[in-house]
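Here is a short briefing to read with the model open beside you. It goes through the ligand site, the empty spaces, the sheets and a few backbone details.

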Amino acid sequence: MNPASDRLSQWLAEAQAKRSAASLQRNRIELSQRSAGKARAGGRDLVNFSGNDYLGLATEPALVEALAEAAREHGVGSGASALVSGYNSLHARLEQSLADHLGTEAALLFPSGYHANLAVQTSLASKGDFIVQDRLCHASLIDGARLSGARLLRYPHCDIKGLERQLELADGGQVLVVSDGVFSMDGDIAPLAGIADCCTHHNACLVVDDAHGTGVLGHGGRGSFEHLGVPVARIPVLIGTLGKAFGISGAYVAGSAALIDHLVNHARTYLYTTAMPPPLAAAGLKALEIIQKEVARRDALQRRIGQFRKGAAARGLKLLESETPIQALVIGQASAALETSQRLREQGFLVVAIRPPTVPDGTARLRITLSAAHTGLQVEGLLGALEQCL
Ligand SMILES: *Cc1c(COP(=O)(O)O)cnc(C)c1O
């Protein structure tokens, strides 16, 4: 072995030992099969309460069929970046359909929400500008802000007064105010009307990442803004992912035609990456159609959320305040969260422990996610198991 790799081996071993000692070692769970709301791991069927497949679309036969048919017609891969030769008629159709659905002039597809979040902030802000974020914004939003070179200011979670104070410091240049629509680890919804007012008052541009609201919230499944009755025109930059309720993979940015043209020209995570595979765009079109037509899926999901919260309250389980499919049960210590997660697994429930740095120190938690695909019986089962394990 050469000395350089010896050095690396030692460094890796030290990092691993540190993670293990703090109960922060992460291991992937190998799933061999999946059906809506379920997963098979280690030869055992589990009810999956740790996915973001909120409407059960990831295994929906109509999507599988749309994807297979498009693959036969267009091939599997896009073959190039969108600006070279990777932009397909299916991409164009999905972009137009998303824009029509959301009520914006245009939309732009990205391979993932992570790409989209880097794209928006690095293309709209740079040195001399300000980005003001909620303290609990998603990691990809923090990374986008850092990469932009703009000064990053953060405000206390969902605190309009705190946002106001930061905006008073942010003078000169472009000012972006950035928030999750639904917070990914807590499940609460950002006060978008108040944030939008604040932005108007300070001439700042509002960017909302609605990864977990898309498809789930609002009568038409348009997301947090629809749920809160905030006109989409008040959110100049709206980001959503296709990896969660849409059941696929990929993301979009929706806004004015000028915004989309700017991103196409300047976003490095758009220019220098292979375009989304066309079959995924075909599946996206089918998912959008179902999201628009099948309100019953959102109704079923809301019933499960209500059932879970009611059952938890009756059992004295203290959930964070949330009306979305994301229900967090804060345990505290990472080791305790891991143990509870393991005991739940033994009882047939997949509920992954979320630990720092994904959440703040001392707030390790079980992040329970509900889906329209879950049955009332499965939710009852989880409640009983939680009561036993805690
Ligand atoms: C999941 C998530 C993302 C990343 O989206 P991907 O499509 O999975 O890359 C971005 N923002 C938030 C708030 C998320 O929860």
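Which helix gives the largest share of the lining of the largest pocket? Helix 14 does, with four residues. This is a predicted model, in which local features need pLDDT of at least 70 and side-chain atom pairs count only at pLDDT 80 or more, while totals for chains, interfaces and linings use all residues. Residues are numbered from 1 along each chain as its sequence is written, and side-chain values use heavy atoms, with hydrogens and water left out. Helices (H or I, at least four residues) and strands (E, at least two) are DSSP runs, numbered from the N terminus.

**Around the ligand**

- The ligand is surrounded by 14 residues (each with a heavy atom within 4 Å of it); the closest are Gly113, Tyr114, Asp209, His212 and Lys244.
- Helix 5 (residues 113-124) gives the most to this shell, with three residues.
- Sorted by class, the shell has two nonpolar, nine polar and three charged residues. Here Ala, Val, Leu, Ile, Met, Phe, Trp, Tyr, Cys and Pro count as nonpolar, Asp, Glu, Lys and Arg as charged, and the others, Gly among them, as polar.
- For polar contacts (pairs of N or O atoms within 3.5 Å; within protein, one must be able to donate a hydrogen and the other to accept it, and residues adjacent in sequence count only if both atoms are side-chain atoms), have a look at Gly113: a polar backbone atom of Gly113 is 2.7 Å from an oxygen atom of the ligand.
- Two side chains also take part: a polar side-chain atom of Thr241 lies 3.1 Å from a ligand oxygen atom, and an N or O atom in the side chain of His138 is 3.5 Å from a ligand nitrogen atom.
- The protein buries 83% of the 380 Å² that the ligand exposes when taken alone; accessible areas come from the Shrake-Rupley method with a 1.4 Å probe, and for residues only the protein chains shown count as cover.

**Pockets**

- On a 1 Å grid over the protein atoms alone, a pocket is an open set of points with protein on both sides within 12 Å along at least five of seven lines, whereas a cavity is a set where a 1.4 Å probe fits but cannot get out; lining residues have an atom within 4 Å of a point.
- Grid points are joined across faces, edges and corners, and a volume is the space filled by probe spheres set on the points.
- The largest pocket holds about 1100 Å³ of space. Of the 41 residues that line this pocket, Ile29, Ser50, Val352, Ala353 and Ile354 lie nearest its centre.
- Strand 1, helix 14 (334-346), strand 13 (353-354) and strand 14 (364-369) each supply at least two residues of that lining, which divides into 12 nonpolar, 20 polar and nine charged residues.
- The second largest pocket has a volume of about 320 Å³. Its lining has 18 residues, with Cys137, Pro357, Thr358, Val359 and Pro360 nearest the centre.

**Cavities**

- There are three cavities of 30 Å³ or more, and the largest has a volume of about 70 Å³.
- The lining of the largest cavity has eight nonpolar, two polar and no charged residues; among them are Tyr87, His91, Phe110 and Met276.
- About 50 Å³ lies in the second largest cavity. His138, Asp209, His212 and Lys244 are among the residues that line this cavity, and the lining has two nonpolar, three polar and four charged residues.

**Sheets**

- One open sheet has four strands in the order 1-2-3-12 with mixed pairing; strands pair if DSSP finds at least two bridges between them. Its edge strands are strand 1 (31-35) and strand 12 (349-350).
- Strand 3 (residues 44-48) runs parallel to strand 12, joined by two bridges, and Val47 has Phe349 as its bridge partner.
- Another open sheet has three strands in the order 11-14-13, with antiparallel pairing. Six bridges link strand 11 and strand 14, where Ala328 stands opposite Arg367.

**Backbone details**

- Most residues other than glycine have a negative phi, and most peptide bonds are trans.
- The peptide bond from Pro356 to Pro357 is cis, with omega near 5°; Pro357 is in the loop between strand 13 and strand 14.
- Cys158 has a positive phi of about 60° and sits in the loop between strand 6 (151-155) and helix 7 (160-169).
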